[in-house]
Amino acid sequence: MAAGILIGAVILFICVGSSKILYRFGVPTLLMFILLGMVFGSDGLVGIPFDNFEVAKQVSSVALVFIMFYGGFGTNWKMARPVALPSILMSTLGTVVTALLTGVFCHFVLRMEWLEGLLVGSVIGSTDAASVFSILRSKKLNLKGGLASLLEIESGSNDPISYMMTVIVLALMSTGADISVLGQLFAQIAFGLGGGFLLAYLAVRLLRHASFEISGLHTILVVAVALAAYALPELIGGNGYLSVYIVGIVLGNSKILHKRTLVNFFDGITWLMQIVLFFMLGLLSFPSQMPAIILPALAIALFMTFVARPVATFGILSWFKMSFKQKILVSWAGLRGAASIVFAIFAMTSGVYPHNDVFHIVFFVALLSVTVQGTLLPPLAKKLGLVEATGDSVLRTFNDYQDESGTKLVEFTVRASDSCVNKSIMDADLPEEVLVVMIKRGKEFIVPKGATVIREGDILVLNGMDTSKFLA
């Protein structure tokens, strides 16, 4: 057991060290994690035997819950609102169009059966949020016209659509399956959306008033909320990933206690989940089986990159005021990644046995996409002239962004006319970035909590980058 733990520690050391190097060059860290898994796998140099798709499915499901929750939690809705409509259309209709076109290509060109072709298209229809976020952050790629926020929302929210299509196609492929596609589609969306918003509403109310003597319990409570947001809709036929993403967005953009602590915790746990997930996917692959699927996988990758994704992108974004260059960049940014490989694992454990090696086809397409598209995305954006001169501001599209210059303290005396009088700190209309460090009330010094009520004459000691807005 000690040897296994040591191997795990060494793997984490290598992943962390390599990610620091790749981060500087803008190469998605997903690539290194998967390659390390392949090196340690059955066909690799280390030769760790692992081919249990069922175990991989269970681990992947839990990892995706945290990845999707934090994808929503870290999205700054104020920054994303101007491009919300095209983003949502790209993540829903764009994913469906890409999947259907890919399915048609697989059937007519690669001679796959109809449902098997649609399965491949559905599995690989979504773009990879982890890779997109990594590139935007590492290169501080602030794109013109709100494209950074558009790509962020699209890549963070289209996995549930791809998952929903995969589940429906797998049900149709099951021998003797008697299902209503419209009924299952309605259940996936209705229970996913309804469950997500209901749980988010209850969670916000709970987190605003919950107070624990042990501060770490607050973080554990949010972990429980994220897990319940996935599990409850899944039990009644809903889309758990859609639900958990919605809960993440609502909580991340609500005023709740200890948000800064939550951001730091989930940032760390999500990176751990990504390392475990990507490494395990690499471990599960068999490079010796790649030669048999290279030609069809390469054909699918080329078709998706130069036909399916551009058709979906131009067809949707043509309805909005976006230039030709912006559409080109959005089209190229359709990176495939870990979620697609995970959905391929779901297909392998569904009891349906396709004629083609769906897992390794999807694995190869995702690996190629991250390597080529991911690496060329920053230079392409600069070549098209779509990068703003002030790159740091791209980080403002994420809720975990903190301006390093906002460290000075400012005192503000509360007047009778101020809107925050007789309101708790949680309910007062304070800017999200402003932190009330201390309250001076006469000779008393109060350490503020979310439920602390602000009184006339109080002197608030404020810290944050937007204190000027509060004082205006």
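Tutor: Let's start with a term: a salt bridge is a side-chain nitrogen of Lys or Arg within 4 Å of a carboxyl oxygen of Asp or Glu. Keep in mind that this is a predicted model.

Student: Okay, how many salt bridges does a search of the whole structure find?

Tutor: Side chains of opposite charge can pair when their charged atoms come close. One such pair here is Arg 309 with Glu 154, at 2.6 Å from N to O. Searching the whole structure, the count of salt bridges comes to 3.

Student: How many residues apart in sequence are the parts that Arg 309 and Glu 154 tie together?

Tutor: Look at where each partner sits: Arg 309 belongs to helix 14, and Glu 154 to helix 8 (residues 147–157). Their side chains meet in a salt bridge. So the pair links parts whose separation in sequence is 155 residues.

Student: Is Glu 154 buried or exposed?

Tutor: The cut-off for buried is under 20% relative accessible area. Its partner Arg 309 has 4%, so Arg 309 is buried. Glu 154 has a relative accessibility of 2%, so Glu 154 is also buried.

Student: Now Asp 458: which residue does its side chain meet in a salt bridge?

Tutor: Asp 458 lies in the loop between strand 3 (444–446) and strand 4 (459–463), and its partner lies in strand 2 (residues 435–441). Asp 458 is buried at 1% relative accessibility, while the partner is partly exposed at 28%. The N to O distance is 2.7 Å, and the partner is Arg 441.

Student: And how far apart are the closest N and O atoms of Arg 415 and Asp 418?

Tutor: Arg 415 is partly exposed, with 46% relative accessibility. Asp 418 is buried at 14%. The two form a salt bridge, and their closest N and O atoms are apart by 3.0 Å.

Student: Switching to Thr 349, which residue's backbone oxygen does its side chain reach?

Tutor: Thr 349 is in the loop between helix 16 (338–348) and helix 17 (358–383). Leaving out residues up to four places away in sequence, Thr 349 touches Phe 53, Glu 54 and Lys 57. The backbone oxygen that the Thr 349 side chain reaches, at 3.2 Å, belongs to Phe 346.

Student: Last one: where is confidence lowest in the protein?

Tutor: The average pLDDT is 83, and 88% of the residues score at least 70. Helix 14 (residues 294–317) has the highest confidence, at 96. At the other end, with a mean of 50, confidence is lowest in helix 18 (residues 467–471).

Notes: Residues are numbered from 1 along each chain as its sequence is written. This is a predicted model: local features need pLDDT of at least 70, side-chain atom pairs count only at pLDDT 80 or more; totals for chains, interfaces and linings use all residues. Side-chain values use heavy atoms; hydrogens and water are left out. pLDDT is the predictor's confidence in each residue, from 0 to 100. Helices (H or I, at least four residues) and strands (E, at least two) are DSSP runs, numbered from the N terminus. A polar contact is a pair of N or O atoms within 3.5 Å; within protein, one must be able to donate a hydrogen and the other to accept it, and residues adjacent in sequence count only if both atoms are side-chain atoms. Contact means heavy atoms within 4.5 Å. Buried means under 20% relative accessible area, exposed over 50%, partly exposed in between (1.4 Å probe, protein chains only).
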